[in-house]
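Colleague: Could you take me closely through the part of this model where the two chains meet, starting from a single pair of side chains and widening out from there?

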Amino acid sequence: MNNKILEVRSISVRFKTKTKFKIILKEVERYKIAVDNVSFDVMEGDTFGLVGETGSGKSTIARTLVGIYKPFTGEIYFMGKKIDFKRKNDLLYLRKNIGIVFQDPVGSLNPKLKVREIIREGFSIEEKYSKSEQDKLIVDITRKVGLGESKLDSYPSELSGGEKQRVSLARALVTQKKILILDEPTSSLDVSIQAQILNLLRKLKSDFNLTYIFITHDLNVIRYMCNRMGVLYYGQLLETGNVKEIYESPLHPYTADLMNANLTLDSSLDFTSQYDIGEPSRKGCIYKNSCKKRFELCENPPNDVELGERKVKCWLYKNIIETQRM
Amino acid sequence: MLISMTNEIERSKNENLLEVRNLSIYFETIDKKIKILREIDLYVKRGEVVGIVGESGSGKSTLAQAIVGVLDSPPAFVENGEIIFEGERVFPTNKKFNYRGKGINMVFQEPIVSLNPVYTVRRQIEEAMDIAGIEKDKKNRDEIIKNVLKELMIRDVEKVLESYPHQLSGGMRQRVAIAISVIQRPKLIILDEPTTGLDLIVQRQIMKLLLNLKNEINTSMILITHDLTVAANMCDRIYIMYTGRIVESGPRTNIIKDPLHPYTWMLLNSVPRGYSDSGPLKVTEGSPPDISNLPPGCTFHPRCPRVMEKCRKEVPKIRKMEGEREVACWIYE
């Protein structure tokens with residue numbers, strides 16, 4: 001039942017930052033690596049959470065998965081099929097099956113189109129529907145996302161933040177999708193509206209049989225929405241596993257620091273824990289400069305250590321593996 | 001003589017540092033008046049951290065701007081009420097900015113907006129010190145600046161001092177903005193969403209720093225936020241605002257553990273708790289009403305789970321409850 005729907009195999013994404021011409025017109029290119037050797041699997045029916053701070057590459061991963069960016073190494077398998085990012089058909093195949101909702105509902109909706117036409121944009125990759133079928137589906141989906149039919153003829157500027165996000169959802173789901181990527185879908189919303197959208201997302205998931213990839217920096221939201229998650233830090237995936245296990249016993253020191261810093265209604269600010277915020281390290285383990293548990297081995301880049309269903313990129317767990325082997 | 005002096009000290013201890021009395025403010029547009037704040041009553045004691053929690057459009061930022069005295073008029077006009085700071089009326093007043101600097105400071109949500117892009121950090125901090133008249137001697141001054149920045153856990157002090165705001169990260173900028181505020185040793189700091197948009201660990205750190213500073217220089221703080229979890233962790237007392245009105249106020253533990261107003265219930269229920277197997281969040285559909293077109297009676301009644309006939313017609317008055325608590329709701333009549 002639990003099939004792998006999406007496999008991400010050590011993908012890296014980089015952006016060109018500088019092109020300099022040296023003396024003999026020799027081009028020197030520089031790159032910024034936004035996603036560095038990231039692998040994870042998403043099972044069918046999962047809500048897979050990706051958590052990370054600013055600049056950790058979570059949005060880059062989301063955009064790579066729908067083919068907006070192209071990885072320079074690594075592979076992506078969708079339903080067992082390898083995606084070749086150079087082939088147009090493969091990209092179309094991705095887009096037909098993977099929808100995406102962006103954080104900024106203002107920036108992702110065309111201000112000059114009415115809501116009806118915005119939702120119709122969702123059909124641009126599916127040619128099999130006639131106009132009247134499209135209209136019927138549009139009305140259908142607006143009702144399912146909890147938007148009044150009367151809103152179909154308004155412009156995005158007339159809608160509230162929550163309503164705009166519902167329009168984005170409707171556009172993504174108007175054609176049948178397998179995976180929906182949610183890139184910080186509630187970050188710009190008020191708390192009570194966020195709660196409404198989270199409830200809606202849960203309902204849509206079972207209605208449409210969806211798999212979610214949920215990207216956010218809010219640990220309370222991840223815990224509430226996801227069953228599996230990955231922790232990103234400056235482009236590297238430091239830990240993946242079951243949400244409950246990660247929250248109850250984080251393995252990577254960075255995950256532990258994050259969990260410790262998370263505020264809940266019952267938490268109390270303690271004055272004992274000290275955070276040492278350092279720059280991400282270029283050599284060795286990327287979290288070396290901020291880590292409280294660093295030791296000699298951290299000068300070398302760590303490999304992924306698999307502990308059952310969990311994966312962690314840290315030297316602390318090297319010995320555990322070795323004792324298991326013996 | 002002595003007795004009168006001790007009396008004086010005693011009195012200033014008991015006296016509230018800041019009092020907002022029955023403040024109503026409206027904005028005037030071409031064709032109508034829009035009431036932004038309605039009958040706000042609020043006080044801040046010395047050394048106290050007070051939270052103002054509300055969603056967007058609740059008027060919390062307008063209230064902050066009125067307290068600091070940066071509210072532009074027009075469009076804003078005072079209909080009623082006043083703000084008293086240390087026994088002196090500061091709003092509305094003709095005198096401008098007389099209490100800024102040493103008295104009340106504000107840290108804005110967007111540090112990039114409050115910092116000057118063409119001056120180095122050092123120059124901006126020194127400017128703040130000039131205004132407050134702190135330490136003219138150059139050597140001592142350097143010492144003070146470095147100490148404050150070190151307390152804010154800025155490591156590379158020299159480098160940060162010579163940087164321009166755009167060269168710093170968001171967390172660093174916010175820390176610089178806080179440094180500029182605290183170096184003047186104000187009696188009251190107003191923090192408008194000081195940690196929104198910052199990374200978790202940096203956010204936690206800044207909150208800790210602020211509380212440390214509070215204990216050190218006995219500053220009072222007003223924390224404006226939409227995030228109840230932040231308020232629950234930092235504040236002594238919390239005010240809940242909805243559509244320009246204070247609907248509930250009280251000590252932190254009471255608000256979080258035993259909220260009175262249905263809106264506070266909803267805010268608390270909106271915070272996701274538990275794992276993915278827990279039930280749906282208990283919120284009602286609908287969103288805050290348009291402030292220029294408020295429903296009659298209690299403005300929360302269209303979303304309220306306990307709505308009664310009376311709520312649709314009459315506006316509930318704020319009502320004193322046990323233990324420094326207040327609530328504006330007909331349930332408690």
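Modeller: In this predicted model, the side chains of B:Glu285 and A:Arg166 meet in a salt bridge, with 3.4 Å from N to O. Across the interface of chain A and chain B the rule finds 2 salt bridges, and alongside these there are 15 residue pairs in polar contact, both partners being at pLDDT 80 or more. On the side of chain A that touches chain B, at least two residues each come from helix H6 (191–208), helix H7 (219–225), helix H8 (243–248) and helix H9 (253–261) of chain A. Of the elements contributing there, H6(A) gives the most, with 9 residues. Sorted by character, the residues on this side of chain A divide into 20 nonpolar, 18 polar and 10 charged. Taken as a whole, the contact draws 48 residues from chain A and 45 residues from chain B, and the area buried between the two chains is about 4,100 Å², with carbon and sulfur atoms giving 56% of that area.

Turning to the fold of chain B, an open sheet of 4 strands runs in the order S2-S1-S4-S5 with antiparallel pairing, and its edge strands, each pairing on one side only, are S2 (33–44) and S5 (88–91) of chain B. Neighbouring strands of this sheet are turned by 20° against each other on average, direction ignored. Strand S4 (residues 76–85) of chain B pairs with S5(B) in the antiparallel sense over 3 bridges, and B:Phe85 has B:Glu88, in S5(B), as its bridge partner. Helix H2 (residues 60–68) of chain B packs on the sheet, where this helix touches S1 (18–28), S2, S4 and S5 of chain B, and its direction makes about 115° with that of S1(B).

Methods
Residues are numbered from 1 along each chain as its sequence is written. Chains are lettered from A and ligands numbered from 1 in the order in which they are written. This is a predicted model: local features need pLDDT of at least 70, side-chain atom pairs count only at pLDDT 80 or more; totals for chains, interfaces and linings use all residues. Side-chain values use heavy atoms; hydrogens and water are left out. Contact means heavy atoms within 4.5 Å. Buried area is the accessible area (1.4 Å probe) that two parts lose on being put together, summed over both. A salt bridge is a side-chain nitrogen of Lys or Arg within 4 Å of a carboxyl oxygen of Asp or Glu. A polar contact is a pair of N or O atoms within 3.5 Å; within protein, one must be able to donate a hydrogen and the other to accept it, and residues adjacent in sequence count only if both atoms are side-chain atoms. Ala, Val, Leu, Ile, Met, Phe, Trp, Tyr, Cys and Pro count as nonpolar, Asp, Glu, Lys and Arg as charged, and the others, Gly among them, as polar. Two strands pair if DSSP finds at least two bridges between them. Axes are lines fitted to C-alpha atoms, for helices over the stretch in contact, and angles run from 0 to 180 degrees between N-to-C directions.
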